[in-house]
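Notebook open, viewer open. I am going through a few sheets, a helix pair and some single residues, one entry at a time.

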Amino acid sequence: MKKVVLTILAILTLLLFVTAGVGYGYLTYHYRDVFMPGMTVNSVYAAEMTVDEVNRKLKKNMEIPVVTVTDKNGNTESFSMAEADYDENYTDELKRLREDQDILELVARVFGMDIPVATRELEPVITYDEEKLVDFLDGWDMIADNTDLSGKKIEIEYRISKGYYLVDDTLDMLNHDKARDLILDSVRNGEYEVELSEKECYEKPERYTSAQEYALDTWKKLKAYMDTEIVFDFTDRKVTIAAPQISNWLALEEDGTFKLNEDGNLWLDEEAIEKYVKELCDLYSTVNKPRTFKAHNGKMVTIDKGTYGSKIDYKPEFEFVMANLNSGRHVERKPEYSQVPFSGLTGIDDIGGIYIEVDMSEQHLYYYVNGVLKLDSDVVTGNTSLGRGTPERVCYVYFKQRNRVLRGEDYATPVNYWMAVYNNIGIHDANWRGKFGGSIYRTNGSHGCVNTPIAKVKELYSMVEVGTPVLLHY
């Protein structure tokens, strides 16, 4: 009995080994040409696929490179490597991967053993037809040869809107062979961004004519002037002095060459520069300039002249211009003011929110603080029948005094409160008057001052600071 049992066990063991051997042989035979389950290559699931089938699938995902070439001026053009029959092939790597498959791993996976799914990242073999690439590059306009000197010029030219500038056709002399070889080398190294200016693809002439040498030497002196931008910030606007204006200050000889000073530098017309800066400062100063403002009744009133406002001292600005004219940089400057208005504003609209308005047609005074009426009063202004009418002016309180005696050719009049606003005209009390306002000023007005009831002028005197704008208008 025992012998029978041993015999049966032997037979079963033999059958098991035979079955295992047959199974292993079958799997080995089956997966000799295809990939086992669980194999992923470059995101493609390769199970039960041949090397060629996986290779075809991988090639479908192929992105053909685009070569981008940039010239020295920053212009770019591109071409696809399809021009050279670009191809990617994974066959060799896939064959090695398939040959390295281990059937025992598959068996272990079938029986639930902890064998991870295989993921592989393969690099392709890249091929392209270099002769086709050379043929393409030899006919590509982007790198056409430009080293022929005939017809090329180096000259300084002038345009009103641009000033002086250099025309140098020799700056872009591209050597085609150098450019082509640079692109070929880059592609061989798998680099598809090519900068022509970095690899000396551009050439310079070996010799220049005397006229060309003069243009290049002069441009070295001229370029800093033409690159300069001086910006004056006048608060509400900016003015730029740049190449077009600076060009007007550089003098030429009769033969058209640039005039030089004793030091061999470009000659500047300093008188013209000073005149320009002075006129610029006068233009953006606001003293004696027309002002338009909204009066107490909502109407827009324009006053042509006055002492109030900003005044720019042109001398420091002239010195600044001269010091920076050939700096070759962008510089900004807030001008120096010899007079700054009470409001602190230096633009055209510089009255601000605190001011005295005297409407001489209505014979009434208004005092505003930040746009809010703080005081108003009837007044009597200059006698118009005698030609003493108070002038229209944008002026300001430039002096305050208590208990002053006002003197003229035929009078000496004491007043309690005096606020001088324009020349010998001021706002003051007039205790000799019993009435104010109306049409008194036409026949019985002042010598030009603004007569104000003492209670009102006392209050006004206590509130108003020296510098406060005064708007006198009819």
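**Entry 1: strand 24**

Which residues of strand 24 are buried on one side, and which on the other? I looked at both faces, keeping in mind that this is a predicted model. Ile425, Ile427 and Asp429 are buried on one side, and Gly426 and His428 are buried on the other. So both faces of strand 24 are covered, and with five of its five residues buried, the strand is largely enclosed by the rest of the structure. The split fits what I expect in general: side chains in a regular strand alternate between the two faces of the sheet.

**Entry 2: the sheet around strand 24**

Next I traced the partners. The sheet is open, has four strands in the order 22-23-24-25, and its pairing is mixed. Strand 22 (399-408) and strand 25 (450-452) are the edges; each has a single partner strand, so one side of each is left without a neighbour in the sheet. On average, neighbouring strands here are turned by 40 degrees against each other, ignoring direction.

Then I went pair by pair:

- Strand 22 runs antiparallel to strand 23 (residues 411-422), with nine bridges; Val405 sits opposite Pro414 of strand 23.
- Strand 23 and strand 24 are also antiparallel, joined by four bridges; here Met419 faces Ile427 of strand 24.
- Strand 24 and strand 25 run parallel, with three bridges; Ile427 has Val450 as its bridge partner in strand 25.

I noted that Ile427 turns up twice, opposite Met419 and paired with Val450. The hairpin of strand 23 and strand 24 has two residues between the strands, and Asn423 takes a positive phi near 50 degrees there.

What lies across this sheet? I found helix 12 (residues 454-463), which lies across strands 22, 23, 24 and 25 and runs at about 40 degrees to strand 23.

**Entry 3: helix 9 against helix 10**

I moved on to a helix pair. Helix 9 and helix 10 (residues 314-324) have their axes 9 Å apart and pack at an angle of about 130 degrees, which makes helix 9 oblique to helix 10. The crossing is right-handed. I listed the contact residues from each side: helix 9 brings Glu270, Ile273, Glu274, Val277, Lys278 and Cys281, and helix 10 brings Tyr314, Glu317, Phe318, Val321 and Met322.

At the N-terminal end of helix 10 I found a cap: a side-chain oxygen of Asp313 lies 3.3 Å from the backbone nitrogen of Lys315.

**Entry 4: what buries helix 10**

The buried residues of helix 10 are Tyr314, Pro316, Glu317, Phe318, Phe320, Val321 and Asn324. Which elements do they pack against? I get strand 11 (229-233), strand 12 (238-241), helix 9, strand 15 (311-312) and strand 16 (330-333).

Three of those strands make up another open sheet with mixed pairing, in the order 12-11-16. Strand 12 and strand 16 are its edges, each pairing on one side only. Neighbouring strands here are turned by 20 degrees against each other on average, direction ignored. Strand 11 and strand 16 run parallel and share four bridges, with Glu229 partnered by His330 in strand 16. Helix 10 lies across strands 11, 12 and 16, at about 170 degrees to strand 16.

I picked Val331 in strand 16 for a closer look. Its relative accessibility is 9%, so Val331 is buried, given the cut-off of under 20%. Leaving out residues up to four places away in sequence, Val331 touches Glu229, Ile230, Val231, Phe320 and Asn324. Phe320 and Asn324 are also on the list of buried helix 10 residues.

**Entry 5: Ser285**

Is Ser285, in the loop between helix 9 (270-284) and strand 13 (291-294), buried or exposed? Ser285 is buried, at 5% relative accessibility. Its side chain reaches the backbone oxygen of Cys281 at 2.7 Å. Cys281 is also one of the helix 9 residues that meet helix 10. Beyond four places along the sequence, I see Ser285 touching Ser310, Lys311 and Ile312.

**Entry 6: Glu191**

Last stop, another loop. Glu191 lies between helix 6 (176-188) and strand 10 (193-195). Glu191 is partly exposed, at 43% relative accessible area. I also checked Glu191 against Thr68: the two are 123 residues apart along the chain, and their C-alpha atoms are separated by 9.8 Å.

Definitions and conventions
Residues are numbered from 1 along each chain as its sequence is written. This is a predicted model: local features need pLDDT of at least 70, side-chain atom pairs count only at pLDDT 80 or more; totals for chains, interfaces and linings use all residues. Side-chain values use heavy atoms; hydrogens and water are left out. Two strands pair if DSSP finds at least two bridges between them. Axes are lines fitted to C-alpha atoms, for helices over the stretch in contact, and angles run from 0 to 180 degrees between N-to-C directions. Contact means heavy atoms within 4.5 Å. Buried means under 20% relative accessible area, exposed over 50%, partly exposed in between (1.4 Å probe, protein chains only). A polar contact is a pair of N or O atoms within 3.5 Å; within protein, one must be able to donate a hydrogen and the other to accept it, and residues adjacent in sequence count only if both atoms are side-chain atoms. Angles under 35 degrees count as roughly parallel, over 145 as roughly antiparallel, 65 to 115 as roughly perpendicular and the rest as oblique. A crossing is left-handed if the near helix is turned anticlockwise from the far one by less than a right angle, and right-handed if clockwise.
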